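Good morning, and thank you for the time. I would like to walk through one structure with you, beginning with a helix and ending with the sheet around it.

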Amino acid sequence: MLANSQQFTINGLNYTIRSAIEKDAKLLSEVRLQIDGETENMDREKGEAFIDPAGFEQIIKTDTEKPRNLFLVAAVQDRIVGFSRCEGVYLNRFSHKVEFGVCVLKEFWGYGIGTNLLKASMAWADSNGIKKMTLNVLETNDKAIELYKRLGFEVEGILKKDKILSDGNYYNTIVMGRFNE
């Protein structure tokens, strides 16, 4: 599904949040690869589960056509600096919810990009009859957890020793959800 474009200026940075379009595919492939190497907050290490431009073209096409999917990008001028997706399940028993994920280039942390991608996704979900948004977050990602709580998400569970990071230690994944009554 498509969403309306929004402009933001935060801490002197101008950026746009808009729906992904097929011509974004090459940049999205590059940005995702870079982000995966910048933080251990993501599920993947750099290069794992690589999606090439053709793969992103298909994801964008699918997300544009399906009413329970949303693919947003954050762009500074013509540079994509982050993106988010909401993906719904098409089984009737899960048709009320979507799963949310977000990532932003480290260079652009602190400009509200992740927050505004989430807020745009929440507004889309609320206006399209989506009753529940879910997400997973690494237990050490305190800033993200606090943001999610501030925006109405609550902890629904913990997946114990869910990930092993580069230090060789296991970490928990926190499962969070927001229900729109």
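Which residues of helix α4, residues 142-150, are buried? In this predicted model, the buried residues of α4 are A144, I145, L147 and Y148. They lie on the same side of α4, because they cover an arc of only 160° around the axis. An α-helix has 3.6 residues a turn, so residues three or four places apart point the same way. On the other side of α4, we find D142, K143 and R150 exposed.

What covers the buried residues of α4? The cover includes three strands, β5 (97-104), β6 (132-138) and β8 (170-179), together with helix α3 (113-127). After α4 comes G152, which has a positive phi near 100°.

Let me turn to the sheet. The sheet is open and is formed by 8 strands with mixed pairing, in the order β1-β2-β3-β4-β5-β6-β8-β7. At its edges stand β1 (6-10) and β7 (154-164); each has a single partner strand, so one side of each is left without a neighbour in the sheet. On average, neighbouring strands of this sheet are turned by 25° against each other, direction ignored.

At the β1 edge, β1 pairs with β2 (residues 13-19) in the antiparallel sense, over 5 bridges. Within this pairing, F8 has Y15 of β2 as its bridge partner.

Finally, the helices that lie across strands. Helix α3 lies across β1, β2, β3, β4, β5, β6 and β8, and runs at about 160° to β5. Helix α2 (residues 53-65) lies across β3 (70-76) and β4 (79-88), at about 120° to β3.

Technical notes. Residues are numbered from 1 along each chain as its sequence is written. This is a predicted model: local features need pLDDT of at least 70, side-chain atom pairs count only at pLDDT 80 or more; totals for chains, interfaces and linings use all residues. Side-chain values use heavy atoms; hydrogens and water are left out. Buried means under 20% relative accessible area, exposed over 50%, partly exposed in between (1.4 Å probe, protein chains only). Helices (H or I, at least four residues) and strands (E, at least two) are DSSP runs, numbered from the N terminus. The arc is that of the directions from the helix axis to the C-beta atoms. Contact means heavy atoms within 4.5 Å. Two strands pair if DSSP finds at least two bridges between them. Axes are lines fitted to C-alpha atoms, for helices over the stretch in contact, and angles run from 0 to 180 degrees between N-to-C directions.
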